[in-house]
Each structure stands twice: as structure tokens, then as C-alpha cells.
Amino acid sequence: MKGKFRLQDFKKRKSEKKKICALTSYDYCTAHWLQKSGVDFILVGDSAGMVIYGESNTLNVRISDIVRHCRAVRKGAPQTFIVADMPFLSYQISAEKAIKNAGRMIADGGADAVKVEGGQAVIDKVKAILGAGIAVQGHIGLTPQSVSLFGGYRSQGRTAGEAEKLIKEAKMLEDAGVFSLVLEFIPYEVAANITGSVEIPTIGIGSGKECDGQILVTNDLLGLTPENIPRFAKQYASIGEEISQTASLYIDEVKNGSFPSEKETIHLEPESVKGFERDE
Ligand code: KIV
């Protein structure tokens with residue numbers, strides 16, 4: 001693993017035209033292995049609602065859930081830049097609530113920054129969090145917390161009007177001071193336009209290769225997610241299948257008596273065995 005990727009490295013990478021690579025994590029062990037991989041930053045995403053808790057959306061993830069997952073990820077990846085996702089209704093209600101909850105992510109969760117979904121509608125909350133001295137990552141396009149408004153997980157920015165709105169919001173977020181911008185499920189051309197219009201790096205998910213970096217949900221990448229995998233998520237491994245096959249191997253060995261073997265068994269010292277001899 002190289003030195004820790006820092007806040008200032010986001011813009012530096014963009015100016016050097018080097019891609020930023022990010023993944024999500026929610027637990028200590030996965031975070032450990034991701035840090036070893038050299039990933040630039042880890043997002044403790046509210047996607048936890050779906051891939052950890054099995055919900056059909058991200059809406060009932062609580063601030064305490066993300067703080068807890070973030071603490072675990074920080075322990076597993078002490079040298080990695082960590083972004084904590086601000087869950088639904090943890091920042092939309094008031095600037096005061098937004099600052100308080102973002103502060104918990106940093107102080108209790110050990111995150112380096114927070115991520116907030118939305119543009120114009122949340123710009124005052126983004127500014128308030130930044131004003132409290134907390135780094136913010138923006139997120140526009142398909143923002144899953146607005147699934148009710150979108151009527152499903154549909155790509156965004158497909159009409160000229162929608163694309164224009166996204167470009168305007170990207171600039172607005174940049175002007176407010178966010179250090180990078182997640183672009184989720186928007187057309188390649190629109191993502192390329194946004195990437196060329198802002199100085200902060202764009203991190204794409206389902207938005208084509210012109211973005212300055214990419215992020216994926218690790219469970220999708222590993223082949224752990226059993227269903228409803230977004231079509232833009234590439235599956236690089238079949239760890240779910242491996243889990244199932246490995247567990248079957250264990251079950252077979254327990255049933256046929258080959259596990260535990262002598263190697264996994266402890267015995268009493270010979271002199272102690274006496275007391276345990278059976279009466280015959
Ligand atoms: O919650 C999450 O994992 C995210 C990514 C999909 C960007 O927001």
C-alpha cells in the first residue's frame with residue numbers, strides 16, 4: 001500500500017489525468033483487504049441498506065448505522081481516505097441537523113469526509129456542513145434517496161433540460177466547495193460534459209469512462225449481491241458462489257466425520273486423563 005490518499009490528491013489526480021479508484025465497504029475485514037488493494041478511497045455507503053440489510057432501497061438506513069459501519073471500516077483501513085454517506089433525512093431537514101450528523105461521521109465514525117446526495121435542493125445544507133469545517137463530496141444524477149421522486153432507479157439527465165440542470169448543479173456544488181462529485185447513472189455524453197466543465201474530479205458509477213474516477217459497490221464487484229444488480233455494475237468475481245461451495249464442503253465434512261480431524265482437536269494431558277476414565 002502506498003501513502004494515504006489525501007483530500008488535496010483528488011484535484012491533483014484530475015490535473016495529472018490519473019484515474020481515482022473507489023469502492024464501498026461496511027465492515028472491518030473487507031476494509032482491510034480493500035486497503036491492501038491500493039484503492040484510493042472507501043465509501044461507507046448507504047447502499048448498506050440494500051447489500052447488508054437486504055432492504056429494497058436505502059431509505060431506512062440510520063445515521064447510527066453508518067457511524068457504526070464507518071468505525072469498523074476505519075479500523076480495517078486506518079491508512080485509507082474514508083467518505084461516510086449521509087443517510088436519508090440526516091441532512092435535508094435543517095442545516096443544524098446536517099452539521100450535527102456530519103460531525104458524528106467524523107468524530108465518532110472516523111471518516112475523513114461526508115457525501116451528500118442532491119444539488120440545488122440541498123445546497124444550503126452542503127454549505128453549512130462545509131462551514132463547520134467538514135469536507136463534502138457531492139452526488140448527482142440517480143440519487144437513490146430520491147427514488148420516490150424518480151419513480152424507480154432510472155438513469156437521469158437523458159433530456160436536454162435534465163442534462164442542463166445536472167451541469168448547473170455540478171457547477172453550483174463546485175462553487176460551494178465540494179471536493180469531488182459522484183455522477184450516478186447518467187449518459188456518457190452528459191458525464192463527459194460535466195467532467196470537462198468542473199475542476200473538481202468526477203467519480204462515475206454507471207456514467208461512462210470520461211469521469212475522472214470510478215466507484216462500485218464492492219458486493220456487486222465481488223459477486224456477493226444475489227439479485228437486482230444494476231446493469232452498470234461489472235462483476236469481477238463470484239465470491240457468493242465460492243461462499244456457498246465452501247460452506248457445502250464444510251457441511252459434507254461435518255456429516256461424514258472428517259471435520260474436526262486430529263489437527264483441529266485438543267486432548268487432555270495424559271496425567272489428567274485418569275479422572276475422566278470411564279467406570280467399566
Ligand atoms: O451508497 C452508495 O454505495 C453510493 C454509491 C453507489 C456511490 O452512494
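In this predicted model, the domain assignment splits the chain in two: domain 1 runs over 7–238 and domain 2 over 242–272. Measuring from C-alpha centre to C-alpha centre, domain 1 and domain 2 sit 43 Å apart.

Next comes the ligand. The space it takes up is the largest pocket. Going along the chain, the residues around the ligand start with Thr-24, Leu-43, Gly-45, Asp-46 and Ser-47, carry on through Asp-85, Lys-115 and His-139, and finish with Val-182, Glu-184, Ile-205 and Val-217. In character this shell is an even mix, with four nonpolar, four polar and four charged residues.

Several side chains in the shell come up close to oxygen atoms of the ligand. For Ser-47, a polar side-chain atom lies 2.5 Å from a ligand oxygen. Asp-46, also part of the shell, places a polar side-chain atom 3.0 Å from an oxygen of the ligand, and for Asp-85 the corresponding distance, again from a polar side-chain atom to a ligand oxygen, is 3.1 Å. As for cover, the ligand on its own would expose 260 Å², and the protein buries 96% of that.

Two spots in the backbone also deserve a look. One is Phe-185, which has a positive phi of about 50° despite not being a glycine. Phe-185 belongs to the loop that links strand S6 (180–184) to helix H9 (188–197). Strand S6 covers 180–184, and Val-182 and Glu-184 are among the residues surrounding the ligand.

The other spot is a cis peptide bond, going from Phe-259 to Pro-260, with omega near -5°. Pro-260 is part of a loop too, this one between helix H11 (239–256) and helix H12 (270–273). On the domain assignment, domain 2 spans 242–272, a range that takes in Phe-259 and Pro-260.

Technical notes. Residues numbered from 1 in each chain as written. Predicted model: local features only at pLDDT ≥ 70, side-chain atom pairs only at ≥ 80, totals over all residues. Heavy atoms only, no water. Near = heavy atom within 4 Å. Polar contact = N/O pair within 3.5 Å; in protein donor to acceptor, adjacent residues only side chain to side chain. Areas by Shrake-Rupley, 256 points an atom, 1.4 Å probe, with all protein chains shown as cover. 1 Å grid on protein atoms, 1.4 Å probe; cavity = no way out; pocket = protein on both sides within 12 Å on 5 of 7 lines; lining within 4 Å. Sits in = over half its atoms within 2 Å of the grid points. Nonpolar A, V, L, I, M, F, W, Y, C, P; charged D, E, K, R; others polar. Domains from an automatic or database assignment. Helix = DSSP H or I, 4+ residues; strand = E, 2+ residues; numbered from the N terminus.
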